[in-house]
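Visitor: I would like a close look at a single part of this model. Please pick one residue, describe its surroundings, and then place it in the chain.

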Amino acid sequence: MAASLPRLSLPPTAALPAVASSRYRPDLAPVPNRRRLGLRLHRSPVAPAAAASSPSGPYSSPEPGSGIGGVAIFSAATGEPVLIRDLWDQNEGMAVVALLRHFGCPCCWELALTLKDAKERFDSAGVKLIAVGVGTPDKARILAERLPFPLDYLYADPERKAYDLLGLYFGVGRTFFNPASVKVFSRFDSLKEATKNYTIEATPDDRPSVLQQGGMFVFKGKELLYARKDEGTGDHAPLDDVLNICCKVPVA
């Protein structure tokens with residue numbers, strides 16, 4: 001009998017922890033917000049900085065001091081907050097910023113494994129790999145330990161701020177019923193390999209977060225060279241497209 005992939009179910013209802021100004025503190029969770037925890041879910045706001053009619057291609061860079069660079073995410077290694085713009089040289093540095101779905105998504109584990117396998121090529125081209133997922137740092141560490149994935153390149157965005165700013169898709173339809181997700185079935189072997197040590201415990205406690213889609217972005221300094229929004233679950237950017245952009249652009 002063929003092996004089956006992990007079945008993903010929604011975790012128990014819980015509040016999204018507040019983002020503190022220092023180390024992430026899950027004990028400082030606010031009073032639950034009924035709009036966020038109810039069944040009437042809304043799509044994340046679309047930010048003009050990255051919205052586009054096509055899913056991928058070159059875009060104008062944000063104005064200095066604005067855009068995704070000013071978003072604080074949390075290091076999976078330390079739990080400390082860091083601004084995205086501080087993760088690579090904002091003048092001429094190259095970076096691949098991969099926004100995964102949530103840390104409990106099997107397709108997220110598959111993409112993380114693909115990025116890890118390509119890391120040597122990124123490193124040889126002087127490109128910084130930054131993988132961001134939805135959830136808290138402790139959820140990120142579950143993925144990092146079990147996959148495994150290097151902690152120093154993994155970050156958590158528990159409030160989905162970067163996702164909202166970049167206008168990435170959100171909702172039941174995109175997560176479960178989008179035709180673009182059909183391609184996942186052609187990658188059974190890679191999904192099976194990536195989820196050998198999978199656990200649903202990596203899923204965010206904040207229930208609506210499982211409806212967030214990801215995307216892939218390539219920067220040179222502040223300039224956005226490539227952007228692609230996942231149309232549905234498992235609809236990842238082709239790795240060859242990413243490598244062709246970031247590994248062929250001269251790095252200062």
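Guide: What follows starts from one tyrosine and its strand, then moves outward to the pairing of strands and the whole chain.

The model is predicted. The residue chosen is Tyr155, which is found in strand S5. Tyr155 has a relative accessible area of 7%; because buried means under 20%, Tyr155 counts as buried.

Leaving aside residues up to four places away in sequence, Tyr155 touches Ile73, Phe74, Ser75 and Ala76, together with Val82, Leu87 and Phe103, and also Ile130, Ala131, Val132 and Gly133. One of these partners, Ala76, lies 79 residues from Tyr155 along the chain, yet the two C-alpha atoms are separated by 5.1 Å. There is also a polar contact to record: the side chain of Tyr155 reaches the backbone oxygen of Asp152 at 3.4 Å.

The strand pairing comes next. Strand S5 covers residues 154-156 and runs antiparallel to S1, with two bridges joining them. Within S5, Tyr155 is the bridge partner of Ser75, a residue that also appears among the contacts of Tyr155.

S1 has a second antiparallel neighbour. Three bridges link S1, residues 72-75, to strand S2, residues 81-83. In that pairing, Ala72 has Leu83 of S2 as its bridge partner. S1 and S2 make a hairpin with five residues between them, and Gly79 in the turn has a positive phi of about 80°. Val82, one of the residues touched by Tyr155, falls within the range of S2.

Another hairpin occurs later in the chain. S6, residues 215-220, is joined to S7 by six bridges, and the two run antiparallel. Phe217 has Ala227 of S7 as its bridge partner. Two residues lie between S6 and S7, and the turn holds Gly221, whose phi is positive at about 60°. S7 spans residues 223-229 and is mostly covered, with six of its seven residues buried.

For the chain as a whole, there are seven helices and seven strands. From the N terminus on, their order is α-β-β-β-α-β-α-β-α-α-α-β-β-α. Of the 252 residues, 49% are buried. Among contacts with a separation of 6 or more, 78% come from residues 24 or more positions apart; the contact of Tyr155 with Ile73 is one example of a pairing between separate parts of the sequence. The chain exposes about 12000 Å², and carbon and sulfur atoms supply 54% of that area.

Notes: Residues are numbered from 1 along each chain as its sequence is written. This is a predicted model: local features need pLDDT of at least 70, side-chain atom pairs count only at pLDDT 80 or more; totals for chains, interfaces and linings use all residues. Side-chain values use heavy atoms; hydrogens and water are left out. Buried means under 20% relative accessible area, exposed over 50%, partly exposed in between (1.4 Å probe, protein chains only). Helices (H or I, at least four residues) and strands (E, at least two) are DSSP runs, numbered from the N terminus. Two strands pair if DSSP finds at least two bridges between them. Contact means heavy atoms within 4.5 Å. Accessible areas come from the Shrake-Rupley method with a 1.4 Å probe; for residues, only the protein chains shown count as cover. A polar contact is a pair of N or O atoms within 3.5 Å; within protein, one must be able to donate a hydrogen and the other to accept it, and residues adjacent in sequence count only if both atoms are side-chain atoms.
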